[in-house]
Amino acid sequence: MSPRIIVIGAGMAAHRLVDSLVTRAEDRLSITVLGDESRRPYDRVGLTRFFDGESPEDLTLPSTIFADPRVTLLEGDRAASIDREARTVTTASGAVHSYDHLVLATGSSAARPPVEGAELPGCFVYRTLEDVESLREHVVTRAAELDRPVRGIVVGGGLLGLEAAGALQGMDAEATVIQSSDRLMSAQLDLPAGASLRRLIEARGIAVRTEARTTAVHAGADGQAGSVTFRDGSELPADLVVFTVGVRPRDELARAADLVCDERGGVRIDEACRTSDPAVWAIGEVASFDDQCVGLVAPGYAMAEVVCDRILGGAATFDGYDLSTKLKLSGVDVASFGDAFATTPGALDVVYTDPVGGVHKKLVLSDDAKTLLGGMLVGDASAYGSLRPLVGGPLGGDPAAYLLPAGGVEAPTAELPDEAVVCSCSSVSAGTIRHAVREEGCTDAEEVTACTKAGATCGSCTVMVKSLVTGELAKLGKAVSTGLCEHFELSRRQLFDAVHVSGLTTFSAVIERFGRGRGCDTCKPVLASILAVLGGEHVLEGENATLQDTNDHVMANMQKDGTYSVVPRMPGGEVTPEGLITVGEVARDFGLYTKITGGQRVDMFGARLEQLPLIWQRLVDAGFESGHAYGKSLRTVKSCVGSTWCRYGVLDSTSMAVRLELRYRGLRAPHKFKLGVSGCARECAEARSKDAGIIATAQGWNLYVGGNGGATPRHAQLLAEGLDDDTLIRTLDRYFMYYLRTADKLQRTAPWLEALDGGIDSLREVIMEDSLGLAADLDAAMARHVATYRDEWAQTLADPAKLARFRSFVNAPTTPDPDLAYVPERGQVRPARPEEREDGGILIAGTTLEVRR
């Protein structure tokens, strides 16, 4: 008979357990997963991405395991009781399920401090998708009611609190973090590191108050949260309060079933993750090991693997918690790993601090300075992926080398012991990765990830995984391909040079001479970009039109419902009142949803394919150009108002931003790139988070390069300082041209700069000292781009052949797609969800809103 396994809880640990069971089990199993929430398991670690525009569906974990006939997922039917004697679980609906193995993966719930007013409207926790959806709705509603930015208070200055503060700021709310201890992230950072982090957080415009204990939340005149008071009697106004003061293990079911639980909470488990009942296991945040529950995903995954192995007859053990953490807040790099507080007797500290640059790094070593015990990284955590696997082993070099401002060095992976854990999220060792290459036949990092799950969760170890794979392939005497794809043995850089020298102008000619076959989704867009740079032709010209990605193919970004967004360029964020009126009229007449983007321009959503030419005709007539939001090219040049209006401004940042955006518009590259220009050191344009950041000083412009936001944020590095206008532009010309000629496919400037031999110093020599003799060629290439630039949409509107592609149906070009359905929200419309479509929604037909009954 197939063993019957019931998993109570449908979070990340439960998902990992089920995934491992169905992957490893050769015999038949019967797995039932009982989830509280009426949705499939989702990524709680990436919850903040919800505020970056990702939908709940985007956060959903891979659901293929639930298509396995051995697995049944019951959403929204929580477990109500456990009968250990009968080995059954009864759910809220009254259903009774029998088990041979019961796994508790109930997780934890967000705690609210015992303060007066903590339950008032406007008080939130930050734990589930429902929590963040409610928080966003409240911010939007309150901002509209108050007609000013919402004032948010975050109580708790740990990892989650800083993420919540970043989310508030991302919604244009004011954010203040309240921490009861003397520093932020006190569980992971010492006082000097906490002080560095505080400076970074405050520099982003988030206020911080430490050694402040919240005593009450007071209601305003409308009955909602209005202010917060502290133990010292002080008070702060607050339109909303977010509590991130910790979690409580959800052990109610276990206690009701008389399983042994720890006094401070959590179901007690042994090294096999077994509870006091041999048929019941516990994993994740509800499990207490050595009298400790930990709210991190990596230990939960490790426990899941142990339970999977035990159920299948193995003898795996849980060896304790890996408390390594890395902050995911955009623009701030923080990591802590191993014995970060140097509690080991005789431990030594090696510290590097740059208060001006906002960097503090510490390595903890054994008393002989040979063994790495732990560390803290603030402001630059690029070495985290290389250092964390070395904990407990020899560092293999001068410790100071790992703390250099250039962002650390790559770990000596050849010397990394097999037992070193490379991926803490999935507990994958260096030996497992090497085995995947040697014995499983994996030939690249992607195959190793699919085979071992290394790098599949947070991604902080991907560089190390790739390095290990490359090293192992070299040991086996196998050539490590740098080819673009199976159709080209040349890398992107080599292919760029080949096309440049040969003068070929079409994909068919290039693949005939330098490749083979018909091409693929990898090489076609790359060649399209290279040909656009070298040839300067329209992206939809001739056969090259067939090479484009979906978005470039129609020069607009496709959205989740199949419609498109329209983003006109607004150089430097500058737009005239007449221009704004035109944008508003277009959005109104075509029923488009409008939103101000982070790049200081207006995004209009919901345009159908056949409407794009009509919309762009009106925008082009009003003087607008394509904003290239769809292309691997320049997106925006963000700026403050600079010396024109601001009393702190040193130089005219707006004029410089406009000049740069008009210069680099339409420049195709291996990846999208952005610029920022700040008029003073207060850095309101967030220039150092951009691929190129320019900051005004009394001596001239300081130029920073190689920064980016996104999933792996990087602070840009100082390339040159005190530049005049012309020197700044010449330096930027060479920087961008050198990047787009030498970068790999889909490689942003930050990893390109990190991989560049010699790093920032080498880049400086090439583009400022002309060490390779390329300066004249780079200057000429940029001059050619500027001279040949033409607006893509203006050209398209003048060409009937290009316009012919913009129709929803070949035989009915003006007929709207009947599957498009919308519902009203906050005075605009959004795509209807499936359940809303069944009950009737709003259809957009032409420019008229029609209610469908």
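## A tour starting at Lys362

Start by selecting residues 359-365: this is strand 24, and Lys362 sits in it. Bear in mind as you click around that this is a predicted model.

Now switch on the surface and look for Lys362. Its relative accessibility is 4%, so Lys362 counts as buried, the cut-off being under 20%.

Which side chain does the side chain of Lys362 make a polar contact with? Show Asp190 as sticks: the side chains of Lys362 and Asp190 make a polar contact at 2.8 Å.

Next, bring up the rest of the surroundings. Setting aside neighbours within four places in sequence, select Ala340 and Phe341, then Asp349, Val350 and Val351, and then Gly374, Gly375 and Met376; each of these is in contact with Lys362, as is Asp190.

Time to zoom out and colour by secondary structure. The protein chain comes to 25 helices and 40 strands. Its radius of gyration is 28 Å, close to the 29 Å from the globule rule for 853 residues, so the chain is as compact as a globular protein of that length. Draw a box along the principal axes and the C-alpha atoms fill roughly 80 × 70 × 65 Å.

Colour by burial next: 52% of the 853 residues count as buried. For a contact map, take pairs at least 6 apart in sequence; 61% of those contacts join residues at least 24 apart.

Finish on the outside. The accessible surface of the protein chain is about 36900 Å², with 49% of that belonging to carbon and sulfur atoms. Select the charged side chains and you get 88 positive and 117 negative, with the centres of the two sets 2 Å apart.

Methods:
Residues are numbered from 1 along each chain as its sequence is written. Side-chain values use heavy atoms; hydrogens and water are left out. Helices (H or I, at least four residues) and strands (E, at least two) are DSSP runs, numbered from the N terminus. Buried means under 20% relative accessible area, exposed over 50%, partly exposed in between (1.4 Å probe, protein chains only). A polar contact is a pair of N or O atoms within 3.5 Å; within protein, one must be able to donate a hydrogen and the other to accept it, and residues adjacent in sequence count only if both atoms are side-chain atoms. Contact means heavy atoms within 4.5 Å. The radius of gyration is taken over C-alpha atoms; the globule rule is 2.2 Å times the number of residues to the power 0.38. Accessible areas come from the Shrake-Rupley method with a 1.4 Å probe; for residues, only the protein chains shown count as cover. Lys and Arg count as positive and Asp and Glu as negative; His and the chain ends are not counted. The place of a charge is taken as NZ of Lys, CZ of Arg, CG of Asp or CD of Glu.
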